[in-house]
Amino acid sequence: SQQRAINRRLELYTKFDDSTDVVAALRRERGFSDFASPWMTALNDYLVQTGLTIEYGKISLYISAIAVAVFIVLSAFLGLGLLTAMIAICLTVCGSAIVVSQLRRRRINRFADQLPDALDVIVRGVKVGHPLSTALNLVAKEMPDPAGSEFGVTSDEVGFGLSLEKAIENLTRRVGQ
């Protein structure tokens, strides 16, 4: 349980010397990016909010493998054909959407549960006289995931010159709240 409590951001700090590399690695592994299409950006944000660190290519491969497996199972009952393929694709897409939705909801609920404690750490840090970026960094070091990593990335973004408003907007996009 202690190993699970260590947040991903702190693990990456042991691998990289520079904090810019840590932020880049977190953004890369989480797939957090903007697309030209607002629909693709919304889909990307939805997937980022699940907290999955798997690459989109691997996700596509897994979903395709599941679709083939479902097709094989269904073909034993329905026979080979276009209808069986369509049913297999629909079941796979719907099943994947349900799993992703549950992962997202679970992570958002964990973040919501941790948010009061995180805000308390920030308020106490600011009352003591720390700058806001340092108070955000305190949350990153003291809280487990998802709050620890998300506030850590926010702290790093502010530290690298991103405005506080944009860093909080990015936090909102990453956590879905």
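A helix bend at a residue is the angle between two axes, one fitted to the seven residues ending there and the other to the seven starting there. Keep that in mind for helix H6 in this predicted model: H6 bends by about 40 degrees at Leu115. The same helix also supplies one half of an aromatic pair and one residue of a nonpolar surface patch.

**Helix H6**
- H6 covers residues 82–128, and its bend at Leu115 has a proline, Pro116, following within four residues.
- With 47 residues at 1.5 Å each, H6 should span 69 Å, and the 67 Å between its end C-alpha atoms agrees with that.
- Right after H6 comes Gly129, which takes a positive phi of about 115 degrees.

**The aromatic pair**
- Searching the whole structure turns up one aromatic pair.
- Its members are Phe111 and Phe151, with 6.0 Å centre to centre and 15 degrees between the planes; the pair counts as stacked because the planes are under 30 degrees apart.
- The two rings link distant parts of the chain, since Phe111 sits in H6 and Phe151 in helix H8 (residues 147–159), 40 residues apart.
- Phe111 has a relative accessible area of 4%, so it is buried, given the cut-off of under 20%.
- Phe151 counts as buried too, at 4% relative accessibility.

**The surface patch**
- Val126, Leu132, Leu164 and Ile168 make a nonpolar surface patch of about 270 Å².
- Val126 is the patch member to look up in H6, and at 41% relative accessibility Val126 counts as partly exposed.

Technical notes: Residues numbered from 1 in each chain as written. Predicted model: local features only at pLDDT ≥ 70, side-chain atom pairs only at ≥ 80, totals over all residues. Heavy atoms only, no water. Phe/Tyr/Trp six-rings, centres within 6.5 Å; stacked < 30°, edge-to-face > 60°. Helix = DSSP H or I, 4+ residues; strand = E, 2+ residues; numbered from the N terminus. Buried < 20%, exposed > 50% of the residue type's maximum accessible area, 1.4 Å probe, protein only. Expected span 1.5 Å × (residues − 1). Patch = residues over 30% accessible without salt bridge, like charges linked within 9 Å, V, L, I, M, F, W, Y side chains within 5 Å. Areas by Shrake-Rupley, 256 points an atom, 1.4 Å probe, with all protein chains shown as cover. Salt bridge = Lys/Arg side-chain N within 4 Å of Asp/Glu carboxyl O.
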